Amino acid sequence: MTATNSLTSDDLGSSAQRERRKRILDATISLASEGGFDAVQMRAVADQAEVALGTLYRYFPSKIHLLVSALGREFERGDALVRQREVPGDTAAERVINVLRTTTRGMRADPHLTEALTRAFMFADASVRTEIDHVGMLLTRMLTWAMDPSKDDVSDDDIAVAKVIGDVWLSALVGWVTGRASVAETGTKIEVAVGLLLRE
């Protein structure tokens, strides 16, 4: 881990440190839900999380690190929820589309938070690669599981397909957040991509 990476739960040795990280991410999500990207200021996060500003920077070197880490936590929750119940659909394409529809619906329900997390993902540079890779891994895991929940081992081809679908979904989400695409256009783009990549 370099000095520019966020501290993950695995990096933290004590329950107090893990709880502090959780409070920081809770505060970030709360502020983003209220006012979007601009509302997430490091001082405001530190105050709401009841940590010193220096402590916040030790956990998350920048606002972008902080928000992309929050996106990762939202995807961790999404992944856990997906695995708790059977995904509707008779084919891999139908199941993947259902997972993406559910995820998109949840994000649309909190537009300020979605705007903040998506903009951070767009603005992230190479210094945020660890956090970006974590988000990508979680999305890929959700999609490969939806493709075939009965498989214990995921093939390289499955992973490659899931990564492309994930990239298309994130691109469509950016289009919606920036006002370049409607909800309907976003959904159509995703369904076309999934249909082409997961033809039975």
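## Report on a predicted model: surface patch, pocket, cavity and annotated spans

Leu-196 is found in helix H9. The model that contains this residue is predicted. Leu-196 has a relative accessible area of 49%, so this residue is classed as partly exposed. The surface around this residue is the topic of the next paragraph.

### Helix H9 and the nonpolar patch

Leu-196 joins Val-164, Val-192 and Leu-197 in a nonpolar patch on the surface. Together, these four residues have about 320 Å² of accessible area. Helix H9, which covers residues 183-197, makes the greatest contribution to the nonpolar patch, namely three residues. Gly-195 is also placed in helix H9. With a relative accessibility of 32%, Gly-195 counts as partly exposed, because the partly exposed class lies between 20% and 50%. Along the chain, Gly-195 and Ile-97 are 98 residues apart, while their C-alpha atoms are separated by 8.9 Å.

### The largest pocket

The largest pocket has a volume of about 370 Å³. Its lining consists of 17 residues. Those nearest the centre of the pocket are Glu-74, Gly-78, Thr-103, Gly-106 and Met-107. Two or more lining residues come from each of helix H4 (63-82), helix H5 (92-108) and helix H6 (111-123). H4 supplies the largest share of this lining, with seven residues.

Helix H4 also holds Arg-73. Is Arg-73 buried or exposed? Its relative accessibility is 11%, and Arg-73 therefore counts as buried, since buried means under 20%. The C-alpha atoms of Arg-73 and Met-107 are separated by 13 Å, and the two residues are 34 residues apart along the chain.

### The cavity

How many cavities of 30 Å³ or more does a search of the whole structure find? The search finds one. The largest cavity holds about 40 Å³ of space. Leu-71, Thr-118, Phe-121, Leu-170, Leu-173 and Val-174 line this cavity. The elements that give two or more residues to its lining are H6 and helix H8, the latter spanning residues 156-177. H8 gives the most to the lining of the largest cavity, with three residues.

### Annotated spans

Two features come from the UniProt record. An unreviewed entry places "domain: HTH tetR-type" at residues 18-78. For "DNA-binding region", UniProt lists residues 41-60, again in an unreviewed entry. The computed values for each span are set out below.

| Span | Distance between end C-alpha atoms | Helix | Strand |
|---|---|---|---|
| Residues 18-78 | 20 Å | 80% helix | 0% strand |
| Residues 41-60 | 12 Å | 75% helix | 0% strand |

Pro-61 lies in the loop between helix H3 (53-59) and H4. Its relative accessibility is 25%, so Pro-61 counts as partly exposed. Pro-61 and Pro-88 are 27 residues apart in sequence, and their C-alpha atoms are 40 Å apart in space.

### Summary

On the surface, helix H9 gives three residues to the nonpolar patch. For the largest pocket, H4 provides seven residues of the lining. For the largest cavity, H8 provides three lining residues. The UniProt record adds the annotation "domain: HTH tetR-type" at residues 18-78 and the annotation "DNA-binding region" at residues 41-60.

Notes: Residues numbered from 1 in each chain as written. Predicted model: local features only at pLDDT ≥ 70, side-chain atom pairs only at ≥ 80, totals over all residues. Heavy atoms only, no water. UniProt positions renumbered as here; feature names shortened; annotations may be inferred. Helix = DSSP H or I, 4+ residues; strand = E, 2+ residues; numbered from the N terminus. Patch = residues over 30% accessible without salt bridge, like charges linked within 9 Å, V, L, I, M, F, W, Y side chains within 5 Å. Areas by Shrake-Rupley, 256 points an atom, 1.4 Å probe, with all protein chains shown as cover. Salt bridge = Lys/Arg side-chain N within 4 Å of Asp/Glu carboxyl O. Buried < 20%, exposed > 50% of the residue type's maximum accessible area, 1.4 Å probe, protein only. 1 Å grid on protein atoms, 1.4 Å probe; cavity = no way out; pocket = protein on both sides within 12 Å on 5 of 7 lines; lining within 4 Å. Points joined across faces, edges and corners; volume = space filled by probe spheres on them.
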